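Hi everyone, thanks for making time this morning. I'd like to walk you through one structure, so please have a look at it before I start talking.

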Amino acid sequence: MRRYGKDADEDDIRNRPGRKGSRPRTRIRPKHEDAADAMILTVDRGRLTCLVDAGTKNEREVMAMKSRELGRKGVVVGDIVNVVGDLSGEPDTLARIVRVEERTSVLRRTADDDDPYERIVVANAQQLAIVTALADPEPRPRLIDRCLVAAYDAGMEPLLVLTKSDLAPAEPLLEAYAPLGIKYVVTRRDDLETEGAEAVREHLRGQATVFIGHSGVGKTTLVNALVPMHQRSTGIVNAVTGRGRHTTVSALALRLPPPPGMKPGSKKALDPGWVIDTPGFRSFGLSHIDPSRVILAFPDLEAGTVDCPRACSHDEKDCALDAWVADGHAEQARLYSLRRLLSSKEAREGD
Ligand SMILES: Nc1nc2c(ncn2[C@@H]2O[C@H](COP(=O)(O)OP(=O)(O)OP(=O)(O)O)[C@@H](O)[C@H]2O)c(=O)[nH]1
Ligand SMILES: [Mg+2]
Ligand SMILES: [Zn+2]
């Protein structure tokens, strides 16, 4: 059963005692008339940083905690919430989150494929930047495939970000992903200090993009270059062990600077886009993926599924896509790519 998503708002819908049957179940809305809308920027052990009055001259960060009435409902980075209480944003104040707005997208992962516990990584983002180093650490195509499946499942647009191009060429990987037609950008650290960052920002304007990927691929390096006024620490060498240690431990949303030549505060500059840095992972569990949602990312193949058996996984003997593609209705390479993604759940991640 899905823990989140469309049905998650049940907390907000209650039967009013004594009125059963006389009225339809309604949402109890203005209980908190002084509530303000806010966006969650980061979550740190029960303390949530909220952006209040976003885009106005009163914009400020307010610390808050979940109120009891939210129950076990999670609040994650990117959530739009209602906050009440001390909204001054002064040091040592704490507001309360009383409501979470319905999410437009939810990026989920589990620790591994058998893990029943879904963790929501980020809510309401439109784009998923899958960050892969071309070397150090070596690219892991299976991991990229899994992240792609997660993006399609979440209804997010994938963007392939290939980092460390000073260490290895991007062409072999790009060739492997060409049939999928995914947007991509290739980066190197030295370039990011000059025009490289703006080239990446062009893919990010006007939407919220989550940066995910294996630890050490350079997500934070990238985000720091994209949002130069905010510097998070990147992989540093641990003085005691002498080994590399990367420091990102929680997701954080940052607003991009306005495009060059655009005055801050001008209307268009209000939504220059958001980037969300996340902690690195070793694996990306996909216990919850629905093949029928993955195929939505392959509109050219969708028509070929009408003759499939019921609940076809599109990766089985009786799947109608083989004959349909053999008849020349779509590119064979597209079907290979779809099958590769669908089987990434079963395959071991190491290859
Ligand atoms: N050679 C090279 N090194 C890079 C490049 N980008 C980042 N690095 C280095 O890679 C290391 C890891 O970078 P981070 O930005 O901390 O990686 P991360 O993906 O945020 O890692 P986690 O927070 O652990 O997930 C750092 O030492 C960076 O300086 C690049 O383009 N080329
Ligand atoms: Mg990091
Ligand atoms: Zn099928």
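**A buried ring pair, and what lies around it**

Let me begin with two aromatic residues: Tyr 152 and Phe 298 are both buried. Their rings form an edge-to-face pair, with 6.2 Å from centre to centre and 70° between the planes. What does this pair link? It connects distant parts of the chain, since the two residues are 146 apart. Tyr 152 belongs to helix H1, while Phe 298 sits in the loop between helix H5 (291–294) and helix H6 (299–302).

How many aromatic pairs does a search of the whole structure find? It finds two. The other one brings together Phe 281 and Phe 284, whose ring centres are 5.2 Å apart with planes at 65°, so this pair is edge-to-face too. Phe 281 has a relative accessible area of 6% and is therefore buried. Phe 284 is buried as well, at 0% relative accessibility.

Now a word of caution before we go on. What you are looking at is a predicted model. The mean pLDDT of the chain is 83, and 82% of the residues reach 70 or more. Over residues 1–23, though, the pLDDT is below 50, and the model gives that stretch 35 contacts beyond near neighbours in sequence. Residues 236–244 also stay under 50, with nine contacts beyond four places in sequence. Where pLDDT is low, the predicted coordinates should not be read in detail. Please keep that in mind when you scroll past those two stretches.

On to the inside of the protein. The largest nonpolar core holds 58 residues, and Phe 284 is one of those with the most contacts inside it, along with Leu 107, Leu 148, Val 210 and Leu 338. Which helix gives the largest share of this core? That is helix H1, residues 141–154, with nine residues. There is also a second, separate core of 21 residues, which includes Ala 129, Val 131, Ala 133 and Leu 226.

Val 210 is a nice one to click on. Leaving out residues up to four places away in sequence, Val 210 touches, among others, Leu 107, Val 122, Met 156, Ile 276 and Thr 278. Ala 129 is also one of the residues that Val 210 touches, and Ala 129 is listed in the second core.

Leu 226, from that second core, takes us to helix H4. Is this helix, residues 219–226, mostly covered or mostly open? Mostly covered: seven of its eight residues are buried. Lys 219, Thr 220 and Asn 224 are among the buried ones, together with Leu 222, Val 223, Ala 225 and Leu 226. The cover includes helix H3 (189–201) and several strands, among them E10 (127–133), E11 (157–163) and E13 (208–212).

Next, the zinc. Which residues coordinate the zinc ion, ligand 3? Cys 308, Cys 312 and Cys 319 each use SG, and His 314 uses ND1, at 2.3 to 2.4 Å. Why call the arrangement tetrahedral? The angles subtended by the four donor atoms run from 103 to 115°, and the label calls for all angles to lie between 85 and 135 degrees. For comparison, the ideal angle for four tetrahedral donors is 109.5 degrees. If you like sequence patterns, the donors are spaced C-x3-C-x1-H-x4-C. Two of these donors, Cys 312 and Cys 319, are buried.

Last, a few backbone details. Most residues other than glycine have a negative phi, and most peptide bonds are trans. Asp 53 has a positive phi of about 55°, and its place is the loop between strand E4 (47–52) and strand E5 (60–66). Asp 92 has a positive phi too, near 65°, and lies in the loop between E6 and E7. At 84% relative accessibility, Asp 92 counts as exposed, whereas Asp 53, at 32%, counts as partly exposed. As for the peptide bonds, the one from Asp 136 to Pro 137 is cis, and Pro 137 lies in the loop between E10 and H1.

That's my tour, and I'm happy to rotate the model to any of these spots.

Key
Residues are numbered from 1 along each chain as its sequence is written. Chains are lettered from A and ligands numbered from 1 in the order in which they are written. This is a predicted model: local features need pLDDT of at least 70, side-chain atom pairs count only at pLDDT 80 or more; totals for chains, interfaces and linings use all residues. Side-chain values use heavy atoms; hydrogens and water are left out. Donors are N, O and S atoms within 2.8 Å of the metal (3.2 Å for Na, K and Ca); water is not among the atoms, so sites may look incomplete. Four donors count as tetrahedral if all angles lie between 85 and 135 degrees; four count as square planar and six as octahedral if opposite donors are over 155 degrees apart and all others between 65 and 115; anything else is irregular. Buried means under 20% relative accessible area, exposed over 50%, partly exposed in between (1.4 Å probe, protein chains only). pLDDT is the predictor's confidence in each residue, from 0 to 100. Contact means heavy atoms within 4.5 Å. A nonpolar core is a set of buried Ala, Val, Leu, Ile, Met, Phe, Trp, Tyr and Cys residues joined through side-chain atoms within 4.5 Å. Helices (H or I, at least four residues) and strands (E, at least two) are DSSP runs, numbered from the N terminus. Rings of Phe, Tyr and Trp (its six-membered ring) pair if their centres lie within 6.5 Å; planes under 30 degrees apart count as stacked, over 60 as edge-to-face and the rest as tilted.
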